Amino acid sequence: MSTSGLTKAPVSKGVLAIATLTTLGASAYKASARLGLSLDTLVGRREVWRIFTCHFAFSTAGELVLGLVLLYTFRQFERHWGSRRFGSFLFLSSSSFFCS
C-alpha cells in the first residue's frame, strides 16, 4: 500500500509549515535580508530568536520553493525511520550547525 502526500509524516508537515510561515512572515516585514545568524546580532543585540529562525527561514521565493520540495521529499525518510528518529535527526543536524 502506497501512501501519498504528508500522510504518516507529522514532523515533515510541521517543518514545512514552520518554514513557510517564517519565510512569509519575514518577507511581510521586509526582514528577509536580516535572517542570517551572526555573533554580533546574537550577543550584541541579544536577538536570541535568531537561533531558531535561521534554520527555518528562506530569504527568497526561489529558495523557499526548492527548500519545500526538498523537505517534502524527506517525508519518505520519516516514514522509513519513524517520526521520533527523524525528528531527532533534524534536531541533531541543525544543532551541529553551532558546533562548526
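A residue counts as buried when its relative accessible area is under 20%. By this criterion, 24% of the 100 residues of the chain are buried in this predicted model.

**Figure 1. Overview of the helical chain.** The predicted model contains six helices and zero strands. Read along the sequence, the elements follow the pattern α-α-α-α-α-α. Among contacts between residues at least 6 apart in sequence, 68% join residues at least 24 apart.

**Figure 2. Close-up of S12 in helix α1.** Helix α1 spans residues 10–28, and S12 is located within this helix. S12 has a relative accessible area of 2%; this value is under 20%, and S12 is therefore classed as buried. Beyond residues up to four places away in sequence, S12 touches L6, F74, R75, E78 and F86. One of these partners, E78, is 66 residues from S12 along the chain, yet the C-alpha atoms of S12 and E78 are separated by 7.4 Å.

**Figure 3. Close-up of T23 in helix α1.** T23 belongs to helix α1, as does S12. The relative accessible area of T23 is 5%, so that T23 is buried under the 20% limit. When neighbours within four places in sequence are set aside, the contacts of T23 are F56, A57, F58 and L64. L64, one of these contacts, is also among the α4 residues that meet α1.

**Figure 4. Close-up of the packing of α1 against α4.** The axes of the two helices, α1 and α4, come within 10 Å and cross at roughly 170 degrees. Because an angle over 145 degrees counts as roughly antiparallel, α1 and α4 are assigned to that class. From α1, the residues V15, L16, A19, T20 and T23 take part, and they meet L64, L68, L71 and Y72 of α4. By residue class, this contact comprises seven nonpolar and two polar residues, with no charged residue.

**Figure 5. Close-up of the largest pocket.** The volume of the largest pocket is about 430 Å³. Its lining consists of 17 residues, of which V15, H55, F56, L90 and S94 are the closest to the centre of the pocket. Two or more lining residues come from each of α1, α3 (50–53), α4 (61–73) and α6 (83–99). Helix α6 gives the most to this lining, with six residues. The lining comprises 12 nonpolar and five polar residues and no charged residue. V15, among the residues closest to the pocket centre, also takes part in the contact of α1 with α4. F56, likewise listed among those closest residues, is in contact with T23.

**Figure 6. Close-up of the backbone at K8.** K8 is situated in the segment before α1. Most residues other than glycine have a negative phi. At K8, which is not a glycine, phi is positive, with a value near 60 degrees. The relative accessibility of K8 is 63%; because this exceeds the limit of 50%, K8 counts as exposed. In contrast to K8, which is exposed, S12 is buried, and T23 is buried as well.

Definitions and conventions: Residues are numbered from 1 along each chain as its sequence is written. This is a predicted model: local features need pLDDT of at least 70, side-chain atom pairs count only at pLDDT 80 or more; totals for chains, interfaces and linings use all residues. Side-chain values use heavy atoms; hydrogens and water are left out. Helices (H or I, at least four residues) and strands (E, at least two) are DSSP runs, numbered from the N terminus. Buried means under 20% relative accessible area, exposed over 50%, partly exposed in between (1.4 Å probe, protein chains only). Contact means heavy atoms within 4.5 Å. On a 1 Å grid over the protein atoms alone, a cavity is a set of points where a 1.4 Å probe fits but cannot get out, and a pocket is an open set with protein on both sides within 12 Å along at least five of seven lines; lining residues have an atom within 4 Å of a point. Grid points are joined across faces, edges and corners, and a volume is the space filled by probe spheres set on the points. Ala, Val, Leu, Ile, Met, Phe, Trp, Tyr, Cys and Pro count as nonpolar, Asp, Glu, Lys and Arg as charged, and the others, Gly among them, as polar. Axes are lines fitted to C-alpha atoms, for helices over the stretch in contact, and angles run from 0 to 180 degrees between N-to-C directions. Angles under 35 degrees count as roughly parallel, over 145 as roughly antiparallel, 65 to 115 as roughly perpendicular and the rest as oblique.
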